[in-house]
Amino acid sequence: MSLSSALSIAQSALLATSRQTSVVTRNVADADNPNYSRRIALVTSTTPGARSVDVQRATNDLLFRQNLGALSAYAGQSALYNGMDQLDVSVNGVDNASSPSTAIGNLQQALQLYATSPSNQNLGSSVIDAAKQVVRSLNEGSKAIQDFRTQTDGQIDTAVKDLNSLLNQFQDANIAVMSGTRSGTDVSDALDQRDALLKKIANYIPVSTFTRGDNDMVMTTGDGTTLFETIPRTVSFAPSSGYAAGAAGNTVCIDNVPVSAGSGGNTTASGTIAGLLQLRDGVASTMQSQLDETARGLITAFAETAPSMPNAAGLFTWPGAPAVPAAGTLVDGLAGTIKINAAMDPSTGGNPTLLRDGGANGAAYVANTTGGASYSNLLVAYGDQLDKPMTFDPSAGISATSSVADYAANSIGWLQGVRQQASTAADAKEALAQRSADALSNATGVNVDQEMSLMLDLEHTYQASARMMKTVDDMMTALLSAVG
């Protein structure tokens, strides 16, 4: 081997080692970046003694797809569970302190006390006060639900705008990958950026991808709707300024295809958007229906009756009074409009003894015809009505036949049951998302210990090449001295 060949080999080795060292240094610097894939410097020999370094990016398509799916599942479950937590406190208060069920329980107690001493007008006023609390819990609960739906609608709008922005960023990253692939330059950074955007997009909507020529990527939703192909598809949504009970929310569409809401406590929702749609149109709407049915049950339980006369709204009244709502039929928004009959409310000039004696709807409805101060039959009957089974609309999601008191309690039980399922599923899906992320990181991420060990090996290689150059230099110096 000539000295010039030896020098060329040493220089090539130094350059290759320098490039490898640069790659290792970059790996260590980005070790904490979850969106960074480890770079691998592969050394290949070309002409005798010459070396070239090709940089490859560590990938695992299977683990990456599993991670995307796990991210979508957890995002949808998390949106549902967190929303239900907020909704529970807004409607029922901490430990159900302001729930209709608690207020109805207090009303029953006040009614029982009044029935034991019907001549005590203070106890009569206490019943009216307890009834007002029931009305307040229903009115405020109904308002809280519709405010929550409006707020959730705004969150959906924000999510759609974020998703459209991410799709536009994805287009830029995809163009960078394609351009670099065509020109033969390193596209590792662009691929990292594109994958990072895919993870963010998967938090909003489930995605599936496949790659065409020049590393061009096509993205579809979980149900096959095209989300990106050369250009991003439009994700559209028209937010509402406010909601009323029974009003349906607007849909989210991808390229004019509606996004389906999730269902169940262990929700089928994949992605934040589907979880928010389930909250707005599923959970919140069902809770509203249950409040409306509770209100209808109360109006029915306290209705005044009379021979040959239709039942008329008594202690609790509504915009359709004096008629009583039809049995077993949901009246949208009733919980927000139920109120105390002014004829019995002392704060509006009413007389609480009408609850004891009857007659809020005229003389035909008077039950205490003798005017006895110890008359308690009607009060006892009202107490019995609260515990008497009646028919409820099954569309509200809980038992179709129960007492008003049990129905209000079952409403809390329904929410807590779904919430518990959501909590358990959220923990499981979070763990799956974390495990899939860890598996992906183990396969494509940076292990600093391994990189530092490789750095030591490269340092030794560099030293060997440097010594070789020094030896060649000494030999050439000696040769030139001998010639001179």
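Of the 484 residues in the chain, 45% count as buried. The model is a predicted one. Its accessible surface comes to about 22100 Å², and carbon and sulfur atoms hold 52% of that area.

The overall dimensions come next. Along the principal axes, the C-alpha atoms occupy a box of roughly 145 × 40 × 35 Å. The radius of gyration of the chain is 37 Å, whereas a compact globule of 484 residues would have a value near 23 Å. In secondary structure, the chain has eleven helices and 15 strands. Among contacts with a separation of 6 or more, 65% join residues that are 24 or more positions apart.

The charges can be summarised by their mean positions. The chain carries 28 positive and 43 negative charges, and the mean position of the positive set lies 4 Å from that of the negative set.

The buried part can be followed through its nonpolar core. In soluble globular proteins, nonpolar side chains tend to be buried together. In this model the largest nonpolar core has 90 residues, and the members that touch the most others are Ile-201, Phe-302 and Phe-316. Helix α4, residues 121–183, supplies the largest share of this core, with 18 residues.

Phe-316 shows what such a position looks like in detail. With neighbours within four places in sequence left aside, Phe-316 is in contact with Leu-107, Ala-131, Val-134, Val-135, Leu-298, Ile-299, Phe-302, Ile-338, Lys-339 and Ile-340. One of these partners, Phe-302, is itself among the core residues that touch the most other members.

The loop between α8 (353–357) and α9 (377–386) contains Val-366. Is this valine buried, partly exposed or exposed? Val-366 counts as partly exposed because its relative accessibility is 33%, and the partly exposed class lies between the 20% and 50% cut-offs. Once residues up to four places away in sequence are excluded, Val-366 touches Asp-357, Gly-358 and Gly-359. Toward the other end of the loop, the comparison is with Leu-378: the two residues are twelve apart in sequence, and their C-alpha atoms are 10.0 Å apart.

Gly-371 also lies in the loop between α8 and α9. With a relative accessible area of 49%, Gly-371 is partly exposed, since exposed requires a value over 50%. A distance to a remote part of the sequence helps to place this glycine: Pro-100 is 271 residues away along the chain, and the C-alpha atoms of Gly-371 and Pro-100 are separated by 33 Å.

How values were computed. Residues numbered from 1 in each chain as written. Predicted model: local features only at pLDDT ≥ 70, side-chain atom pairs only at ≥ 80, totals over all residues. Heavy atoms only, no water. Core = buried A, V, L, I, M, F, W, Y, C linked by side-chain atoms within 4.5 Å. Buried < 20%, exposed > 50% of the residue type's maximum accessible area, 1.4 Å probe, protein only. Helix = DSSP H or I, 4+ residues; strand = E, 2+ residues; numbered from the N terminus. Contact = heavy atoms within 4.5 Å. Rg over C-alpha atoms; globule rule 2.2 N^0.38 Å. Areas by Shrake-Rupley, 256 points an atom, 1.4 Å probe, with all protein chains shown as cover. Lys, Arg positive; Asp, Glu negative; His and termini not counted. Charge placed at Lys NZ, Arg CZ, Asp CG, Glu CD.
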